[in-house]
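Reader: Please take a close look at the side chains of this model and at how parts of the chain come together. I am in my first year, so please explain each term when it comes up.

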Amino acid sequence: MTICDDPSAILGVGPEASLAEVKRAYRRLAMQWHPDRNPSAAAEAEFRRVHAAYELFLDPQRLAAWRQAQASAAAGDGGPGERRASAGKPSAKQAAGDDLTQALTLTLEEAALGCRKSIELVHGVGCPGCRGSGRVQHRNSVACRRCSGCGRIASRGGATTVCDGCAGRGFLRETDCSQCAGSGWLQQPRTLSVTVPPGLLAGERLRLAGQAPAPPGSASGKGGDLYLEIRLAAHPLFVLHGRDLHCQVPVSVFRLLCGGRIEVPSLAGTTTLELSADPQHLLEYRLPGQGFPGKGRRAAGDLVLQLQRIQPQRIGPEDIELLERLDERLAGDRERRAPELAVWEVAMRARRHRART
């Protein structure tokens with residue numbers, strides 16, 4: 001016990017409670033929090049606190065020394081009365097429970113255009129079987145499971161000690177509720193429908209006030225704020241850089257030569273891209289404002305299309321005939337239409353001439 005642990009508050013009795021009242025309170029709490037009866041993670045620590053408070057009440061000298069130490073520690077904080085009042089009055093944040101952050105994975109389209117998502121949560125509700133008390137009253141006494149009804153527990157060396165589960169009586173008029181294992185609370189699933197606004201990027205958070213699950217045992221039954229941290233799933237077509245969308249578009253080498261319109265993907269579906277008939281045109285096109293949408297003062301990104309030349313893997317006899325005819329047409333005006341080939345042919349003719357002479 002420290003000066004911060006109030007034995008009266010732990011046992012739920014007044015400072016001037018009689019020894020009989022203290023014993024009754026201790027027996028009730030010992031049965032509730034004993035680790036053999038309560039499987040919760042906090043049961044062992046709470047049972048030690050209850051037992052320490054009970055032992056302090058049983059020793060008048062230690063109890064007086066504790067109260068003197070408490071009064072000395074509180075002397076600089078407006079006195080013990082004010083200190084107890086402030087300690088017993090939880091803040092609004094404590095009353096509402098802790099905040100919770102949970103990941104929310106969206107597709108690129110869902111994040112860009114906005115969507116509605118269903119979130120699965122688990123929160124604590126009062127157990128209906130025991131009305132939140134954790135205890136069930138019996139019409140007839142039942143044997144204590146810890147001591148099998150004898151009231152004492154065998155210890156090392158053959159000695160026995162009074163059973164903490166029943167305080168030596170061997171029988172109980174109330175036991176832990178089987179539905180909630182004595183906690184007074186049940187974990188219940190809850191589905192929350194969330195509206196996700198458009199334009200959220202990975203790492204941004206969506207705040208849902210008061211939607212975090214309420215902690216078990218919360219006096220107010222209210223949870224803190226739920227924060228949904230946005231994560232973006234990998235996309236089969238687009239890669240996001242800032243708010244620019246990059247996409248690689250395979251295009252036939254013949255279409256690149258001919259120019260014209262091609263269909264390209266966009267976040268909303270598809271759009272068209274006009275290719276020039278210039279064989280030397282760029283292989284990267286930027287469509288302003290057609291990338292990831294803006295949010296607030298942040299402008300929308302661009303759609304960046306990177307064209308990939310795709311050549312046919314196989315060419316049939318008819319294809320070869322068409323290509324040869326096209327090459328013959330090109331040969332008649334290579335100086336204008338293909339100057340690199342014209343220069344190359346001049347160099348080859350000069351080399352043949354030198355070889356003959």
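Author: A disulfide is a pair of cysteine sulfur atoms within 2.5 Å. By this rule, the number of disulfides in the structure is zero. Cysteine 144 shows how the rule works out here: the nearest cysteine sulfur belongs to cysteine 147 and is 3.8 Å away, and cysteine 144 is in no disulfide.

Before going on, please keep in mind that this is a predicted model, in which local features need pLDDT of at least 70 and side-chain atom pairs count only at pLDDT 80 or more, while totals for chains, interfaces and linings use all residues. Residues are numbered from 1 along each chain as its sequence is written, and side-chain values use heavy atoms, with hydrogens and water left out.

Cysteine 144 is also buried (under 20% relative accessible area, where over 50% is exposed and anything in between partly exposed, with a 1.4 Å probe and protein chains only), since its relative accessible area comes to 1%. Another cysteine, number 163, has a relative accessible area of 0% and is therefore buried as well.

From the cysteines we can turn to the aromatic rings. The structure has one aromatic pair, and its partners are tyrosine 26 and tyrosine 54, whose rings are stacked, with 4.0 Å from centre to centre and 5 degrees between the planes. Rings of Phe, Tyr and Trp (its six-membered ring) pair if their centres lie within 6.5 Å, and planes under 30 degrees apart count as stacked, over 60 as edge-to-face and the rest as tilted. Although they meet in space, the two tyrosines belong to distant parts of the chain, 28 residues apart: tyrosine 26 is in helix α2 (residues 19-33), whereas tyrosine 54 is in helix α3 (residues 43-58). Such helices (H or I, at least four residues) and the strands (E, at least two) are DSSP runs, numbered from the N terminus. Both rings belong to buried residues, because the relative accessibility is 8% for tyrosine 26 and 13% for tyrosine 54.

Between these two helices runs a loop, and in this loop, between α2 and α3, we find proline 35. Proline 35 has a relative accessibility of 37%, so it counts as partly exposed. The C-alpha atoms of proline 35 and alanine 45 are 9.0 Å apart, while 10 residues separate them along the chain.

Another loop, the one between β5 (160-162) and β6, holds alanine 167. Alanine 167 counts as partly exposed because its relative accessibility is 25%. Alanine 167 is 15 residues from arginine 152 in sequence, and the distance in space, C-alpha to C-alpha, is 8.6 Å.

In strand β15 (residues 303-310) lies leucine 307. Leucine 307 is at 6% relative accessibility and so counts as buried. Its C-alpha is 9.3 Å from that of leucine 256, a residue 51 positions apart from leucine 307 in sequence.
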